[in-house]
Amino acid sequence: TFLSSILMIIFWQNILHIQASSTSVSESSSSPYTSIGSLDKYGNSIQIRNARLSSLKHGTPIIAAISTGSSGGSSVEADKIIVCSLEPPRFKQLGRVSSTTEMVDFLTPLPDDEKNCRIVAMVASGLQADRRFIVSSLRRYSMRVWERFDVVPNCDRMALACSQVFLAFMGYDVQDEAGDGVKEVMQSNDEKDRFQMSRPFGISALFLGLSRKGKKIVAEIKSVEPSGVILESVAARAMGKESEQANKLLKQRWKRGMSAQQVQDMCVAVLEEI
């Protein structure tokens, strides 16, 4: 009948309205999540981009720079690394005398003398929970390297180890490569319990290295991005908020032969400008 036909039309209209509403709700509820394999229109990983933005937006501005000036009458010619931040403690100098502060995490034991000097420390900007996890993992890895080879790992090796941890969310397996007998950074006795991450780490890290080469203690700084990419050694590097502008200024102002005080003054000036 005519009345039943009208009721049937209204019924199906209500069904279609409910389906459309449920679809929009599910789309809106799932929109914040992005799968690991998702790429933007330029072919870049969306999750890695978000991790980098997290380290930039939530990271404290930090600068690390090398001083190659006079060592002040020391018997050993030594570079120094100045770490500067606007938050306390504002300054940290890595050289012959070193101690742990909140700003610098030492990954290797401090040497007793200059003859066997090899120091590796890390400064990170971004999510602090991720920083603490990475520091704890790298310290355990450093101990395993020392127990097997009786040598403290250098800055290059620790930066590579950090890169491997950063790549864990992509399913990267270091066991597929030819190794030197030291197990992967995130060691696991059971292959089923192998460490995995569902997201990238939201930090950028600077690895600060001091090692003796001949009669001189040489400093180096390596940067590791959330994507696991290790940048080439630099003399001065900034992380955190406004780090892109800070790195441009550091390239213009840093000069070889600057004393520790000159480097510190330069870092302060750059932080105040940005």
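# Reasoning through the contacts

Guide: This is a predicted model. With a side-chain nitrogen of Lys or Arg within 4 Å of a carboxyl oxygen of Asp or Glu as the rule, the count comes to 5 salt bridges.

Visitor: Why is the pair of D79 and K216 called a salt bridge?

Guide: Set the distance against the cut-off. The closest N and O atoms of D79 and K216 are 3.6 Å apart. The limit is 4 Å, so the pair qualifies. D79 sits in the loop between β2 (77-78) and β3 (80-85), and K216 in strand β8 (residues 216-224), so the bridge ties together parts 137 residues apart in sequence.

Visitor: What makes D79 buried or exposed?

Guide: Its relative accessible area is 6%. Buried means under 20%, so D79 is buried. K216, its partner, has 26% relative accessibility. That value falls between 20% and 50%, so K216 counts as partly exposed.

Visitor: How do you know that R199 and D130 form a salt bridge?

Guide: The closest N and O atoms are 3.0 Å apart. That is within 4 Å, so the rule is met. R199 lies in the loop between α4 (155-166) and β7 (203-213), while D130 belongs to helix α3 (residues 128-149), so this pair ties together parts 69 residues apart in sequence.

Visitor: Which label does each partner get, R199 and D130?

Guide: R199 has a relative accessible area of 33%, hence partly exposed. D130 has 6%, hence buried.

Visitor: What makes R253 and E273 a salt bridge?

Guide: Their closest N and O atoms are 2.7 Å apart. The 4 Å limit is satisfied, so the pair counts. Here two helices are joined: R253 is in α5 (residues 243-253) and E273 in α6 (residues 260-273), so the parts tied together are 20 residues apart in sequence. R253 is partly exposed, at 28% relative accessibility.

Visitor: How do you know that the span of α3 agrees with its number of residues?

Guide: Compute the expected span. At 1.5 Å a residue, the 22 residues of α3 should span 32 Å. The end C-alpha atoms are 31 Å apart, so the two values agree.

Visitor: Which residues of α3 are buried, and what covers them?

Guide: The buried residues are D130, R131, I134, V135, S137, L138, Y141, S142, R144 and V145. Their cover includes β5 (105-106), β6 (118-126), α4 and β7. Residues three or four places apart on an α-helix point the same way, because there are 3.6 residues a turn. D150 follows α3, with a positive phi near 60°.

Visitor: How many aromatic pairs does the structure hold?

Guide: It holds 2. One of them is F133 with F201, which is stacked.

Visitor: Why is the pair of F133 and F201 called stacked?

Guide: Two tests apply. The centres are 5.9 Å apart, and pairing requires 6.5 Å or less, so the rings pair. The planes make an angle of 15°. Stacked means under 30 degrees, so the label fits. The pair links distant parts of the chain, with F133 in helix α3 and F201 in the loop between α4 and β7, 68 residues apart. F201 is buried at 2% relative accessible area, whereas F133 is partly exposed at 32%. Ring pairs link F133, F166 and F201 into a cluster.

Visitor: What makes the contact of S85 with P61 a polar contact?

Guide: A polar atom of the S85 side chain lies 3.4 Å from the backbone oxygen of P61. The cut-off is 3.5 Å, so the distance passes. S85 is in strand β3. At 3% relative accessible area, S85 is buried.

Visitor: Why is E225 called buried?

Guide: Its relative accessible area is 14%. That is under 20%, so E225 is buried. E225 is found in the loop between β8 and β9 (230-234). Leaving out residues up to four places away in sequence, E225 touches R52, F166, S204, L231 and R237.

Visitor: Why does S211 count as buried?

Guide: S211 has 13% relative accessibility, under the 20% limit, so the label is buried. S211 lies in strand β7. With residues up to four places away in sequence left out, S211 touches C117, R118, K216, I217 and V218. K216 is also the salt-bridge partner of D79.

Technical notes
Residues are numbered from 1 along each chain as its sequence is written. This is a predicted model: local features need pLDDT of at least 70, side-chain atom pairs count only at pLDDT 80 or more; totals for chains, interfaces and linings use all residues. Side-chain values use heavy atoms; hydrogens and water are left out. Helices (H or I, at least four residues) and strands (E, at least two) are DSSP runs, numbered from the N terminus. Buried means under 20% relative accessible area, exposed over 50%, partly exposed in between (1.4 Å probe, protein chains only). The expected span of a helix is 1.5 Å times one less than its number of residues. Contact means heavy atoms within 4.5 Å. A polar contact is a pair of N or O atoms within 3.5 Å; within protein, one must be able to donate a hydrogen and the other to accept it, and residues adjacent in sequence count only if both atoms are side-chain atoms. Rings of Phe, Tyr and Trp (its six-membered ring) pair if their centres lie within 6.5 Å; planes under 30 degrees apart count as stacked, over 60 as edge-to-face and the rest as tilted.
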